[in-house]
Amino acid sequence: LIELKGESISYNKVHISDLVQDLSGTVKLLPLMSNGVIALQASSTVSLLKLKGIDGLEVIQSFEQPAAVSDALTITEKDEAFAVVQHTGSEIEFVVKFTSDVTGEVIREKINIDQHRGNIQKVFLNNYIRTDKSHGFRALVVMEDHSLLLVQQGEVVWSREDGLASIVDVTTSELPIEKDGVSVANVEHNLFEWLKGHMLKLKGTLMLANADELAAIQAMRLKSSEKNKMTRDHNGFRKLLIVLTKAGKVIALHTGDGRIIWSNLLQSLRSSKSGEMPSALRICQWQVPHHRVMHENPSILIIGRSGADSAAPGVLSVLDSYSGEELNSLKLDHSVVQIIPLTVKDSSEHRLQLIVDSHSRAHLYPRSPDAMNVFLHEMPNTYLYTVDIETNVIRGHSLQKSCDNSADEYCFSTKELWSIVFPSDTERIAISETRKMNEVVHAQAKIIADQDVMYKYLSKNLVFVATVSPKASGEIGSAAPEEAWLVAYLIDAVTGRILHRVTHHGAQGPVHAVVSENWVVYHYFNLRAHRFEMAVIEIYDQSRADNKDVMKLILGKHNLSAPTTSYTRPEVMVKSQSYFFTFSVKAIAATQTAKGITSKQLLIGTIGDQVLALDKRFVDPRRSVNPTQQEKEEGIIPLTDALPIIPTSYLTHSLQVEALRGIVSIPSKLESTTLVFTYGVDLFYTQLAPSRTYDSLTDEFSYALLLITIAALVAAIVVTWIWSEKKELRDKWR
């Protein structure tokens, strides 16, 4: 305590342990309120203290944790109000006090809340004037899962899942199959709902329904809508979007209307009393059972850390995709630095995962003999790489059969095969990207205008790395054009061989990139032109250039004598081009479809928080100023220095996805259509058909006109057949 009187200063030291019993963990002192009231927040209690001048502090009242105290709200010139919200079981207790009388209470209310929201984090107090001129109070409560509750007069007025504004990762799950049979109880319930619905609709038609009944009618229409059903459709449009938030909460959203199907705040990712803050890392599909063989629900795997440090032990949780119920939870005895989803499954349809710890050891999950047998068969062909931005090094590793000095049979040591050290005085790693493991490529060859065949280089071990000069690693304009450059690398992750390298002088980040099939598109800033640029690199396999016999391709007998291995030096051909682009970019992705037949489009998150769909043909490196007739027939667009921005290509139209951070493309069962999910502070979802809906009829299709046309054709056939028979009969009588 410090007291200032004129030119003299007095000091006094107060031990917090004398005020709060069983003191442990961190202590937080809230700002001083009027009348000398201070709130002291410890790990076990929240205490209200009264300042007694320089002599010390007096404890007036204590609340057991979890509890939160609001900032002071000015009521009169000499008095302030503050709120204390305490969490007890499934209830929260809302207490409002005045600083002039801390022992008294203005309001004390108990409010029931959902238990899956966790503990209270913060509370904000607000007042209003009642009709009798007295002060009323309401509070905005922030929960542990980042959800918001507005409480007033003993009730929750409204709530928001604001944890959706901090999504960490996204995955999808198919909905259950619609069952053929129904029970008698369901029939009776549906009959009652049908009668009730028709009565409400009748009242709505006669304009006799009140506001609540009109809302019920609207809710029934939405529920009965085809796109909002809780069963999968034959086109694969209805899915569950399962998201993992920064607070450690898993939320399942229906793609039909975005409603929350279930949510679960994971116990393993909640903050502990000691002050440790766990971090959520990844969500992925864990078990996807075949519905015709296994009568089990699919499940998802959530991977996190028990602390904020990268060396903190990892945690795993397995949830049911349909109900959100936690099936299993496991605290690991090792850290989580890298997560590698494998493409293989065990006999129970579990997808194998490799988790690399801080000691460069790989751990296999699930830990079962069946998974081990499957992995040992694939282990000789399994390689991994690490990118260390701090030391400016990329390393490639292979797996050994067991860990050194460890009895864990599911632990594998790694052996360093290669390393690329970038000189820190000239280059700094800005970004590294690779292909998605689940990407489907339809055609390995590309037929160009002169009927020649070019084979795509489709290695899943291809890694794109971009480096910038040290002076250009800051904000745009922080370096002169002569001091800035960007170097793009294409690296084979198995051998560490640099397949291609290109330098962009006078360029700097931020760099955003996407890798798909045999091409890379990346975005950067050109300091010389004072404009953003987007460059494309396409890589082709020249080792198969002589295998152009169509019959051999059809029969699958081409290139039988040449072994395919990453250790042979590949003969590659690279085509590249760069274009001016109007906007700065926040995120970039490529569309994915079920079979990979549909043309690709780039999904670009612009600085204006909108999503632009750009046809891949615009960033084709083979574009020329005067394309030949054959190239025009192939679809080559004449070369321009800038990429066009077509207003109708905005997927978000006039909407903005505030603070856009990520774009996800999800294949549907319909090859022409992909599902696009964009997240930031806002969420946006839509369907996109890059090559139009060539395999389905549009919603605007006139089925009535089709039936009329068919009926007219049938009638015309019958009439012409009768005329033909009569004509033939007349010809015979002649």
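A cavity is a set of grid points where a 1.4 Å probe fits but cannot get out, and its lining residues have an atom within 4 Å of a point. The exercises below apply to a predicted model.

**Exercise 1.** Determine which residues line the largest cavity, and what their classes are.

*Solution.* Step 1: the structure contains one cavity of 30 Å³ or more. Step 2: the space in the largest cavity is about 30 Å³. Step 3: its lining consists of Tyr-385, Ile-394, Trp-418, Val-463, Val-465, Ile-491 and Ala-493. Step 4: sorted by class, this lining has seven nonpolar residues, with no polar and no charged ones.

**Exercise 2.** Describe the lining of the second largest pocket, and state which strand gives the most to it.

*Solution.* Step 1: the second largest pocket holds about 1,300 Å³ of space. Step 2: its lining has 39 residues, and those nearest the centre are Gln-41, Ile-120, Gln-121, Ser-271 and Met-277. Step 3: β7 (67-69), β12 (120-129) and β20 (279-287) each supply at least two residues of the lining. Step 4: of the elements, β12 gives the most, with five residues. Step 5: the classes represented in this lining are 17 nonpolar, 14 polar and eight charged residues.

**Exercise 3.** Decide whether Val-719 is buried, partly exposed or exposed, and place the residue in its surroundings.

*Solution.* Step 1: Val-719 belongs to helix α7, which covers residues 703-733. Step 2: the relative accessible area of Val-719 is 36%. Step 3: buried means under 20% and exposed means over 50%, so Val-719 is partly exposed. Step 4: Val-719 is also part of a nonpolar surface patch, whose members include Leu-697, Tyr-703, Trp-721 and Trp-723. Together, the residues of this patch have about 1,100 Å² of accessible area.

**Exercise 4.** Classify His-377 by exposure, and state how far apart His-377 and Trp-733 are in sequence and in space.

*Solution.* Step 1: His-377 is found in helix α4, residues 369-378. Step 2: with a relative accessible area of 63%, His-377 is exposed, because the cut-off for this class is over 50%. Step 3: His-377 and Trp-733 are 356 residues apart in sequence. Step 4: their C-alpha atoms are 83 Å apart in space.

**Exercise 5.** Summarise the protein chain by its secondary structure, its dimensions and its share of buried residues.

*Solution.* Step 1: the secondary structure amounts to seven helices and 45 strands. Step 2: along the principal axes, the C-alpha atoms fill a box of roughly 120 × 80 × 60 Å. Step 3: of the 734 residues in the chain, 44% are buried.

Key:
Residues are numbered from 1 along each chain as its sequence is written. This is a predicted model: local features need pLDDT of at least 70, side-chain atom pairs count only at pLDDT 80 or more; totals for chains, interfaces and linings use all residues. Side-chain values use heavy atoms; hydrogens and water are left out. On a 1 Å grid over the protein atoms alone, a cavity is a set of points where a 1.4 Å probe fits but cannot get out, and a pocket is an open set with protein on both sides within 12 Å along at least five of seven lines; lining residues have an atom within 4 Å of a point. Grid points are joined across faces, edges and corners, and a volume is the space filled by probe spheres set on the points. Helices (H or I, at least four residues) and strands (E, at least two) are DSSP runs, numbered from the N terminus. Ala, Val, Leu, Ile, Met, Phe, Trp, Tyr, Cys and Pro count as nonpolar, Asp, Glu, Lys and Arg as charged, and the others, Gly among them, as polar. Patches are made of residues with over 30% relative accessible area and no salt bridge: like charges are joined within 9 Å, nonpolar side chains (Val, Leu, Ile, Met, Phe, Trp, Tyr) within 5 Å. Accessible areas come from the Shrake-Rupley method with a 1.4 Å probe; for residues, only the protein chains shown count as cover. A salt bridge is a side-chain nitrogen of Lys or Arg within 4 Å of a carboxyl oxygen of Asp or Glu. Buried means under 20% relative accessible area, exposed over 50%, partly exposed in between (1.4 Å probe, protein chains only).
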